[in-house]
Amino acid sequence: HEMVELVQRGGAHKIYQTSDFLGQAPLNISVNFRHKIPFGISYDLQKDSTRSVLEILKSYISEQIEKEGYQKNLLNLRVEFQQAGGSSLDIVVIADFKGELAPLYKRLSRAIQRWCVDACTLNNWEIPFPQLTIHK
């Protein structure tokens, strides 16, 4: 086969020469796949950031996965403290799904981000943003 044809969501077709396609080292998510979604919270939450915040966030995301019908295809869900960043305490959501959800790969990534924001809103957790302070 000299050409690889991919059908994108929405029906568009993209054609590659096989060597060009394989040269991009494509990721096969048709069996299982993982999302690692980093998310930052305010330093105001420092004392709870390595325990209760993680538990609350995991519980909320788990509820949303079930509510939206993805539970039967969820293999693993973890919410972990990642690092103390420059302007935020960084958390990572790690979610493993069965390949049946491969067509929804990007949608799931966006959903996890949305659920993190929703959990912050419900719990009055600030989502920080990088700031520049100028000293005279």
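**Entry 1: the pocket**

A pocket here is an open set of points on a 1 Å grid, with protein on both sides within 12 Å along at least five of seven lines, and a residue lines it if one of its atoms is within 4 Å of a point. With that settled, I opened the model, which is a predicted one.

I started with empty space. Rolling a probe the size of a water molecule over the atoms shows where such space is left. I looked up the largest pocket and noted a volume of about 820 Å³. Its lining is made up of 19 residues. Nearest the centre of this pocket I found Leu6, Gln8, Leu27, Ile29 and Lys106.

Which elements give two or more residues to this lining? I wrote down β1 (3-7) and α3 (105-123). Of the elements, α3 gives the most, with four residues. I also sorted the lining by residue type: 11 residues are nonpolar, four are polar and four are charged.

**Entry 2: the cysteines**

Next I checked for disulfides, and the count is zero. Why is Cys116 not bonded to Cys120? The sulfur of Cys120 is the closest cysteine sulfur to that of Cys116, but the two are 6.9 Å apart, so they are too far from each other for a bond. A disulfide would need the sulfur atoms within 2.5 Å. Seen from the other side, Cys120 is in no disulfide either, with the sulfur of Cys116 as its nearest cysteine sulfur.

I then asked myself whether Cys116 is buried or exposed. Cys116 has a relative accessible area of 0%, so I logged it as buried. Cys120 also counts as buried, because its relative accessibility is 2% and the cut-off is under 20%.

**Entry 3: strand β5 and its partners**

I moved on to β5 (residues 89-98). This strand is mostly covered, as nine of its 10 residues are buried.

How many bridges join β4 to β5? I noted nine, and the two strands run antiparallel. They form a hairpin, with four residues between them. One pair I marked is Arg78, which stands opposite Ile94 in β5.

I found β3 joined to β5 as well, by 10 bridges, and this pair is also antiparallel. Here I picked out Phe33, whose bridge partner in β5 is Phe97.

Within β5 I stopped at Ile91. Ile91 is buried, because its relative accessible area is 0% and anything under 20% counts as buried. The C-alpha atom of Ile91 is 4.5 Å from that of Phe81, although the two residues are 10 apart along the chain. Setting aside neighbours within four places in sequence, I listed the contacts of Ile91, among them Ile37, Pro38, Phe39, Val53, Leu57 and Val79. Glu80 and Gln82 are also in contact with Ile91.

**Entry 4: Asn73**

Where does Asn73 lie? I placed Asn73 in the loop between α2 (52-67) and β4 (74-84). Asn73 is in a loop, yet it is buried, with a relative accessible area of 4%. Its contacts, again without neighbours within four places in sequence, are Asp96, Phe97, Lys98, Glu100 and Leu101.

**Entry 5: positive phi**

Last, I went through the backbone angles. Most residues other than glycine have a negative phi. I kept a note of two residues that have a positive one.

Ala25 has a phi near 50°. I located Ala25 in the loop between α1 (18-23) and β3 (32-41). Ala25 counts as exposed, because its relative accessibility is 60% and the threshold is over 50%.

Asn124 is not a glycine either, and its phi is about 55°. I found Asn124 in the segment after α3. At 69% relative accessibility, Asn124 is exposed.

How values were computed:
Residues numbered from 1 in each chain as written. Predicted model: local features only at pLDDT ≥ 70, side-chain atom pairs only at ≥ 80, totals over all residues. Heavy atoms only, no water. 1 Å grid on protein atoms, 1.4 Å probe; cavity = no way out; pocket = protein on both sides within 12 Å on 5 of 7 lines; lining within 4 Å. Points joined across faces, edges and corners; volume = space filled by probe spheres on them. Nonpolar A, V, L, I, M, F, W, Y, C, P; charged D, E, K, R; others polar. Buried < 20%, exposed > 50% of the residue type's maximum accessible area, 1.4 Å probe, protein only. Contact = heavy atoms within 4.5 Å. Pairing = 2+ DSSP bridges.
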